[in-house]
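Q: I'm new to reading protein models. Could you walk me through one, feature by feature?

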Amino acid sequence: MITNKDIKICSEQIFSYTSAYQVPFYGRERVISELMEKITNVSPAEAIIISQPLGIGKTFLVYHMINSKMLDISLKHPFLYVREIAENPSVMEQFPSDILIIDEIDIKTPYKKMIKGIELIGEFLDKSNKNAILIGDYSLRNEMITACLEHKNLISLFEGIDEDFFKGVLDMRFRHFLEDKYDFELESIMEPELIRYLVPDWMKNVNNFRSIFSVLQGIVSEMKYNSERVYLTVEQLQDFFHKDREYLFDDYQKRYYIELKQYIKTAYPNGNNIGEGF
């Protein structure tokens with residue numbers, strides 16, 4: 001039996017969404033195959049673009065491929081950052097590989113530095129005939145932003161996070177961090193309806209590990225440290241969000257939030273057709 005105490009001890013590892021902890025890699029066979037094919041057939045000065053929402057696992061994917069020797073890049077210096085390039089372009093010349101890995105081409109980087117960094121990347125690739133893997137959000141799909149990259153190739157098979165994929169990730173992580181202690185089924189730890197709340201199918205292309213796992217860490221942090229059987233529920237999720245919102249909202253925001261929830265419940269019962277926008 002897995003207890004509240006067991007989960008609280010290792011929740012940051014199980015629900016990790018940063019590189020602070022080493023966690024097992026799950027799935028992504030299609031995008032790995034596509035990326036390897038594009039690298040094998042890459043043209044001089046070409047940039048391979050991984051453009052997906054924040055927190056979906058782009059950087060983790062590339063780390064996994066480097067760690068598994070699919071990419072011949074030193075783990076000591078695996079990444080450059082677009083902000084870093086904008087401030088000091090010479091780091092590209094010092095990168096110890098013919099394929100540059102450049103990350104955080106997204107909203108975490110100030111817009112002007114992102115634009116300047118991409119322009120410098122384009123100039124460097126054209127001059128050196130080296131290649132780059134560019135990792136970022138949907139900014140990289142904007143032709144106005146990437147027009148300076150003369151040769152670019154977009155990765156198209158990056159799977160979204162749906163219920164089956166998420167359950168596979170959770171199952172692997174629980175077994176990795178607790179396998180020596182317990183045999184279990186995921187349904188005995190987490191209410192199935194909770195998983196459907198966390199990764200709704202209609203949002204599978206924008207579901208992301210950063211937001212999902214940060215919520216699960218928050219829920220676990222409020223659980224009691226005891227030897228009772230752990231069971232994560234929708235009710236705990238609702239309690240967490242209620243507490244999380246109360247101290248953040250002023251009176252005006254709170255009224256808006258209540259009215260918005262009521263509108264969504266009325267107009268889109270059970271979330272039907274909400275993916276079309278409102």
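Q: Let's start with one residue: is Glu-46 buried or exposed?

A: Glu-46 is buried, because its relative accessible area is 10%. Buried means under 20% relative accessible area, exposed means over 50%, and partly exposed is in between, using a 1.4 Å probe and protein chains only. Before we go on: this is a predicted model, where local features need pLDDT of at least 70, side-chain atom pairs count only at pLDDT 80 or more, and totals for chains, interfaces and linings use all residues. Residues are numbered from 1 along each chain as its sequence is written, and side-chain values use heavy atoms, with hydrogens and water left out.

Q: Where is Glu-46 found, and which residues does Glu-46 touch?

A: Look in the loop between helix 2 (29-40) and strand 1 (47-51). Helices (H or I, at least four residues) and strands (E, at least two) are DSSP runs, numbered from the N terminus. Contact means heavy atoms within 4.5 Å. Skipping residues up to four places away in sequence, Glu-46 touches Leu-125, Lys-130, Asn-131, Ala-132, His-151, Lys-152 and Asn-153. Take His-151: C-alpha to C-alpha, Glu-46 and His-151 are 4.6 Å apart in space, yet 105 residues apart in sequence.

Q: What about Ser-51: buried or exposed?

A: Ser-51, found in strand 1, is buried, because its relative accessible area is 1%. Leaving aside neighbours within four places in sequence, Ser-51 is in contact with Gly-136, Asp-137, Tyr-138, Leu-140, Arg-141 and Leu-154. For Ser-51 and Arg-30, the sequence separation is 21 residues and the C-alpha to C-alpha distance is 15 Å.

Q: Can we zoom out? How many helices and strands are there in the protein?

A: Count 12 helices and five strands. The C-alpha trace spans about 60 × 50 × 30 Å along its principal axes. Of the 278 residues in the protein, 45% are buried. And if you take contacts between residues at least 6 apart in sequence, 75% of them join residues at least 24 apart.

Q: Which residues touch the most other members of the largest nonpolar core?

A: Here's the idea: a nonpolar core is a set of buried Ala, Val, Leu, Ile, Met, Phe, Trp, Tyr and Cys residues joined through side-chain atoms within 4.5 Å. The largest one here has 78 residues, and those touching the most other members are Ile-102, Ile-133, Leu-134, Phe-166, Phe-174, Leu-216 and Leu-232. Try clicking on Leu-134: not counting residues up to four places away in sequence, its contacts are Ala-47, Ile-48, Ile-49, Ile-50, Ile-102, Ile-105, Ile-121, Leu-140 and Leu-149.

Q: Now helix packing. At what angle do helix 1 and helix 8 pack?

A: In general, two packed helices are described by the angle between their axes and the distance between the axes. Axes are lines fitted to C-alpha atoms, for helices over the stretch in contact, and angles run from 0 to 180 degrees between N-to-C directions. Helix 1 (residues 4-14) and helix 8 (residues 163-178) pack at about 125°, with axes 10 Å apart. That makes the pair oblique; angles under 35 degrees count as roughly parallel, over 145 as roughly antiparallel, 65 to 115 as roughly perpendicular and the rest as oblique. Ile-7, Cys-10, Gln-13 and Ile-14 of helix 1 make the contact with Arg-173, Phe-174, Phe-177 and Leu-178 of helix 8.

Q: How do helix 1 and helix 10 cross?

A: Their axes come within 10 Å and cross at roughly 170°, helix 10 being residues 209-221. Helix 1 and helix 10 are therefore roughly antiparallel. Helix 1 brings Ile-7, Lys-8, Ser-11, Glu-12 and Ile-14 to the contact, while helix 10 brings Phe-213, Gln-217, Val-220 and Ser-221.

Q: One last feature: what is phi of Lys-69 near?

A: As a rule, most residues other than glycine have a negative phi. Phi of Lys-69 is near 65°, a positive value in a residue other than glycine. Lys-69 sits in the loop between helix 3 (58-67) and strand 2 (80-81), and is exposed, with a relative accessible area of 70%. Glu-104 also has a positive phi, near 60°. Glu-104 lies in strand 3 (residues 99-105) and is partly exposed, with a relative accessible area of 27%.
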